Amino acid sequence: MPVQLLKIIKGQSETPLPSHLQKENLQHLQEGRDHTNKYIQGIVTFSSPLTKLGDGTDFFKIVLQDSDNLSSKINSINVLIYGKMAEDCAKITRNGETFIVAGFKVIKLPTATEAGRHGCHLEVSEEAGSTIYICTKPGTTAASETASVSVAPKYVYTPLNHLKDGTIVNLYGVVKFFKPPYISKGTDYCSVVTLVDQSNVKLTCSLFSGNLDSLPKIYKVGEIVRFHRIKIREYNGQMQGITSGGFASLTFDGTVGAPIVPRSSSKVYTFMDEEQKTIEELRIWAASNISISGPAAKLSGVQPMLFFDLTCQLVGKAKVDGSSFLLKVWDGTKCPYPTWKVPVEAKDLEGDKVLLHQLRDLAVDVLVYDNHVQLAESLMIGSFLRIYSIHTKQASADNEDVSHIEFHLHGGTCYGRGIGVLPESNPDVKELKTFLESVQLADSQNMESMCSMDMDSTFGNVTDLDLHLQRCQQLSVTVLTDHQDLSNTDLKTITKSTAPQQYRIRAKLRTYKPQKLHQSVKLRCPKCNSLQEVPDRDDFDSILRGSAGAASNPELHNTSWYESVTWTTQDQKQREITIHFVKHDEMLQHPEDTLLMIEGGTLKEIWKLSKRFKCVIPVRSTEDDLELLDLSAPFLLQGNVKYYGCKQCSTPKPVKSLSSLAAEQQPSWEPTEIAQVLGIELLQYVFIMKFTLVDETGALKAYLLDYGKFFQIPASEILTSSFLQQKMQMTMNMLCPPGRKLGDLPWLECFIRSYNVRDAMKNEVYYQIFDTTVAEDVV
């Protein structure tokens, strides 16, 4: 009952205040303090006219004076009233009346206030669960005014097929899709929720809040939500919902017959008995009209190339690098495949060492990336999680006969990717806890042996590593591939000599940059020598989404050299996808020999096609021909490798130029040939590193610019292969073992060349490693 009139007879209220409310002293009001069961009472000394805010919300302001403490330095406070309560109060509030406020929010003012005025103000609204009591004496309020006040307001809920642009409404709906809250490009948290109801109309809502707890607490598809004060706007012919002032939500289990227990985004809320019927009706309708099971799975049921939701407990975590973070989780079942163990230092791994050892065969490593890292870092060990859209990848090392499974939570929020923390009251958590308690754990070993095992997980045991390093101290860990006639030159002589020169050296690697090895991979243009970072998947995804809205031109379908197929996806966006299969001798080829071009595809769809077909080229339609996308995106995908073109040196040609390659007797579809006929200057993947080399005479810094010869690892493949990344890390740990003294470091034999770099002010000498490779038996 947001606004109530209390009649004062012989100095006493005819209707007493609720017994749980206690009066709060104006002096004790403070932002952040819990005032849930408190009320403020005062005399109205000022009231403003009723106005509307920019979003259409009614607004009414009054000043309350504490009549019991008029001599106090602080004896009055501003009260800001929003929505229907503002309209009701404006009709009946008069100066001099006693005004009581409960369920308020205390907000600190940014600037100094008038003398005697409190440094905070109170905000009240129906959505916040506020209640206002106005004390009137008999005869002071007209009957018409009294009748206009909603003593027990009944919220009106709008069906999704009756929504109108520009309105602010209350509604109920069933969750058909959602993205767990994530940090937006600003400082707010964002969540996206798609709702349906019995009208079969969908509404996608974009919800923003600076406070994570203010967003709906949704854990799975099929749950029921109640939104108060959601603003409706029309975009591209579709209604959308966005948060407005006073937005509030309740979430309910969507299971038929389950207890109706709301999860609230605010401490105080109203819930009427008649709303239970609404929830039950939605539950029954959803049970037969939408799939609410979702892609949930147990670890015991995972398969390669699967995307699924996992309910689990967190038992360990560690930072891997700036863009990825490790979560060790278990659900009491055992993965049927060998699982990848992410190499991390023992000192960096948080969690109970004894428990982690006991769970060594049950816990799995989930590597989370990019925008999920900040949330992952904040997770508490022991908390229960639901990780949405985990990707299982099958991989194997070159020297392994058995493949293993990797678990990845990729960056971005596509397909609802994210992490949710489940409360222990959640039914799924209760079920999981009961099951985990029944699992028999492996016997623990003593901590000394466990720590020894953890510390050396990357190299095997310490004895093996020491023996390997001792051998490397006697022999060089690198091999010279040319110029065997050159003799060694000490570093001091090199640094005092003029450039350009070529030298053979024997030195030790004291330090290297970057320490995060994935950052060493760059793209280099062989024509203009420019270097650039490898674009991340979000950039590619953004370009694809931008081009997905453009319709394919039917006049460009089914030409003499390719065959076209078009279909509409069955998801909520109903995208149109067109694939053009390049023919040879007017015949379609086997997938492993086929180049195809795709319009309207998502990143996931294009990756899937690149695994099956020889080459994939993302394109879009123009009036006269197909054309490549922006060169910020890869112009070609082949297997796991994305190929990029130099924006400065490329002059893209129409895609029909590929017809000349298709007409060849046996098209090879090599990236260099494709780039050439399309007018693209192909960027090359390259390792760029800076080594600090030392010998008995001095030190110098040398650059490594390597396409794969030095490490014997293709720079083009390392970003998509966890095995190659581990191999490179192990190689660097052998060349420059962490924590070792200079005398214990292995020797490197290298060729280096000196060269001059001049500008208008000075000339500098730089050094570069060349014609050198890591010995095959080092790792």
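How much space lies in the largest cavity? In this predicted model, the largest cavity holds about 70 Å³ of space, and a search of the whole structure finds two cavities of 30 Å³ or more. The lining of the largest cavity is made up of 12 residues, and those that lie nearest its centre are E127, R226, H228, A248 and Y269. Two elements, β15 (residues 224-235) and β16 (residues 238-252), each give two or more residues to this lining, and β16 gives the most, with three residues. By class, the residues around the largest cavity divide into four nonpolar, five polar and three charged.

The second largest cavity encloses about 40 Å³ of space. The residues that line the second largest cavity are F178, K179, P180, P181, S191, V193, P216 and I218, with β12 (residues 168-183) and β13 (residues 189-196) as the elements that give two or more residues to the lining. Strand β12 gives the most, with four residues. Six nonpolar residues, one polar residue and one charged residue make up the lining of the second largest cavity.

Strand β16, which gives three residues to the lining of the largest cavity, also holds M239. With a relative accessibility of 24%, M239 counts as partly exposed, because its value falls between the limits of 20% for buried and 50% for exposed residues. When its neighbours within four places in sequence are left aside, M239 is in contact with L163, K164, D165, L203, T204, I232, R233 and E234. A separation of 9.9 Å is found between the C-alpha atoms of M239 and G166, although these residues stand 73 residues apart along the chain.

Charged side chains form a further part of the picture. Side chains of opposite charge can pair when their charged atoms come close. In this model the count comes to 18 salt bridges, and two of the pairs described here belong to helix α1, which spans residues 84-92. In one pair, the side chains of D88 and K84 meet with an N to O distance of 3.0 Å. D88 and K84 are four residues apart in helix α1, so about one helical turn separates them. The two partners can also be described by their accessibility: D88 counts as buried at 2% relative accessibility, whereas K84 is partly exposed, with a relative accessible area of 35%.

In the other pair, E87 and K91 are joined by a salt bridge with an N to O distance of 3.7 Å. These two residues also lie four residues apart in helix α1, and therefore about one helical turn from one another. E87 counts as partly exposed at 27% relative accessibility, and K91 is partly exposed as well, its relative accessible area being 38%.

Farther along the chain, the side chains of K433 and E424 meet in a salt bridge with an N to O distance of 2.8 Å. K433 is partly exposed, with a relative accessible area of 27%, and E424 likewise counts as partly exposed, at 48% relative accessibility. Apart from this pair, K220, R386 and D428 are joined into one network by salt bridges that share partners.

For the protein chain as a whole, the model contains 14 helices and 39 strands. The chain has 779 residues, of which 47% count as buried. Among the contacts in the protein chain with a separation of 6 or more, 64% are accounted for by residues 24 or more positions apart.

The confidence of the prediction can be described both for the chain and for particular stretches. The mean pLDDT of the protein chain is 82, and 87% of its residues reach 70 or more. Over residues 139-153, however, the pLDDT is below 50, and this stretch has 24 contacts in the model beyond near neighbours in sequence. The pLDDT is also below 50 over residues 443-475, a stretch for which the model has 47 contacts beyond near neighbours in sequence. Where pLDDT is low, the predicted coordinates should not be read in detail.

Technical notes. Residues are numbered from 1 along each chain as its sequence is written. This is a predicted model: local features need pLDDT of at least 70, side-chain atom pairs count only at pLDDT 80 or more; totals for chains, interfaces and linings use all residues. Side-chain values use heavy atoms; hydrogens and water are left out. A salt bridge is a side-chain nitrogen of Lys or Arg within 4 Å of a carboxyl oxygen of Asp or Glu. Buried means under 20% relative accessible area, exposed over 50%, partly exposed in between (1.4 Å probe, protein chains only). On a 1 Å grid over the protein atoms alone, a cavity is a set of points where a 1.4 Å probe fits but cannot get out, and a pocket is an open set with protein on both sides within 12 Å along at least five of seven lines; lining residues have an atom within 4 Å of a point. Grid points are joined across faces, edges and corners, and a volume is the space filled by probe spheres set on the points. Ala, Val, Leu, Ile, Met, Phe, Trp, Tyr, Cys and Pro count as nonpolar, Asp, Glu, Lys and Arg as charged, and the others, Gly among them, as polar. pLDDT is the predictor's confidence in each residue, from 0 to 100. Contact means heavy atoms within 4.5 Å.
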